[in-house]
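I set out to go through this model with a notebook at hand, writing down what I looked up and what I found. The entries follow the order in which I turned to each topic.

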Amino acid sequence: MDIFTVFSIIGTIAFAVSGAVVAMEEEYDILGVFVLGLVTAFGGGVVRNLLIGIPVTTLWSQGTLLKIAVAAMTIAFLLPANWIQRWRKSEAFFDAIGLAAFAIQGALYATSMNHPLSAVMVAAMLTGIGGGMIRDVLAGRKPLVLRDEIYAVWALLAGVAVGLGWAESPVELLVLFALVIVFRMLSVYYRWKLPRRSLRQPNRLPKDAAAAACDQTDREKGRLY
């Protein structure tokens, strides 16, 4: 078993369970649990394949990974609720594992096809975050990657490391895998965020409400005198 397969298995299990748990949180039926789990596990890879020129039908050649995903989702569905609640406390950690595994897997995919660095970075990012984004949209949530602590940046940096040849051997890739997880968890713990700007206006009372408040104040003052 090569390092590429290892990362594929780790990412598939982590994201399949993540999608299944989100579906159960939204009270989907068993079909919804499996659909959301499969979309989370394989959605990012499908989008990546479209962009770097790999036929989407290669998904059906990944029979082993599909079986692993189905097995992981079945176990998650059958687990007692209190076990799942405990898992949710570590949800960010397992999500970081999936992010790291799939980002590296996507980067390796792109470098094996001799794509330029930009394509390697995009492949790493989309493989790492694509499934989670589709999961959140189907679950009616704001995508985690667009609103939460620094997330996609770590996938991009993993793509840079692989694309520039800084991580090639199995040991180097495992070190990179661990670093992505560590920095993702640090960003969760310390709430590191990218700069953002809101166009929302400060809450202001409507003119009529403001006038009514002034009248009420005047009446109260009149009573005092």
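**Helix H8**

I began with H8 and listed its buried residues, which are Ala-152, Trp-154, Ala-155, Ala-158, Gly-159, Val-160, Ala-161 and Val-162. I kept in mind throughout that this is a predicted model. For the length of H8, I noted 12 residues and a reach of 16 Å from the first C-alpha to the last, which is close to the 16 Å expected at 1.5 Å a residue. Looking past the end of H8, I came to Gly-165, which follows the helix and has a positive phi, near 80 degrees.

**The nonpolar cores**

I next asked which elements give two or more residues to the largest nonpolar core. That core has 37 residues, and those with the most contacts inside it are Ile-104, Tyr-151, Leu-173, Leu-176, Phe-177 and Val-180. The contributing elements are H1 (3–25), H5 (91–112), H6 (117–138), H7 (144–147), H8 (152–163) and H9 (170–189), each giving two or more residues. Of these, H5 gives the most, with 12 residues. I also recorded a second, separate core of 21 residues, which includes Ala-20, Leu-65, Ile-84 and Trp-87.

I then looked up Tyr-151 by itself, leaving aside its neighbours within four places in sequence, and found it in contact with Phe-15, Asp-95, Leu-99, Gly-128, Ile-129, Leu-144, Val-145 and Arg-184.

**Two buried residues**

I turned to Thr-40, whose place is in helix H2 (residues 30–52), and asked whether Thr-40 is buried or exposed. Its relative accessible area is 1%, so I entered Thr-40 as buried. Not counting residues up to four places away in sequence, Thr-40 touches Phe-15, Gly-19, Gly-131, Gly-132 and Arg-135; Phe-15 also appears in my entry for Tyr-151 as one of its contacts.

Leu-126 lies in helix H6, and at 16% relative accessibility I count Leu-126 as buried, because the cut-off for that word is under 20%. With residues up to four places away in sequence left out, Leu-126 touches Gly-44, Val-47, Leu-51 and Gly-131. I also took down the separation of the C-alpha atoms of Leu-126 and Phe-102, which is 8.9 Å for a pair 24 residues apart along the chain.

**Salt bridges**

How many salt bridges does a search of the whole structure find? I recorded 4, and I followed some of them residue by residue.

The side chains of Glu-25 and Arg-141 meet in a salt bridge at 2.7 Å, N to O. Glu-25 lies in helix H1 and Arg-141 in the loop between H6 and H7, so this pair ties together parts that are 116 residues apart in sequence. I entered Glu-25 as partly exposed at 27% relative accessibility, and Arg-141 as partly exposed with a relative accessible area of 28%.

Arg-141 also meets the side chain of Glu-26 in a salt bridge, here at 3.0 Å, N to O. Because Glu-26 lies in the loop between H1 and H2 and Arg-141 in the loop between H6 and H7, the pair ties together parts that are 115 residues apart in sequence. Glu-26 counts as partly exposed at 30% relative accessibility.

Arg-135 forms a salt bridge with Asp-136, with the closest N and O atoms 3.0 Å apart. I noted Arg-135 as buried at 5% relative accessibility and Asp-136 as buried at 5%. Through shared partners, salt bridges join Glu-25, Glu-26 and Arg-141 into one network.

**Positive phi in the loops**

Most residues other than glycine have a negative phi, so I looked for exceptions. Glu-27, in the loop between H1 and H2, has a positive phi of about 60 degrees although it is not a glycine, and at 72% relative accessibility Glu-27 counts as exposed. Asn-114, found in the loop between H5 and H6, has a positive phi near 60 degrees and is exposed, with a relative accessible area of 70%.

**A surface patch**

Lastly, I looked at the surface, where Val-171, Val-175, Leu-179, Phe-183, Tyr-189, Tyr-190 and Trp-192 form a nonpolar patch with about 740 Å² of accessible area together. Tyr-189 is found in helix H9, and I entered Tyr-189 as exposed at 65% relative accessibility.

How values were computed: Residues numbered from 1 in each chain as written. Heavy atoms only, no water. Core = buried A, V, L, I, M, F, W, Y, C linked by side-chain atoms within 4.5 Å. Buried < 20%, exposed > 50% of the residue type's maximum accessible area, 1.4 Å probe, protein only. Helix = DSSP H or I, 4+ residues; strand = E, 2+ residues; numbered from the N terminus. Contact = heavy atoms within 4.5 Å. Patch = residues over 30% accessible without salt bridge, like charges linked within 9 Å, V, L, I, M, F, W, Y side chains within 5 Å. Areas by Shrake-Rupley, 256 points an atom, 1.4 Å probe, with all protein chains shown as cover. Expected span 1.5 Å × (residues − 1).
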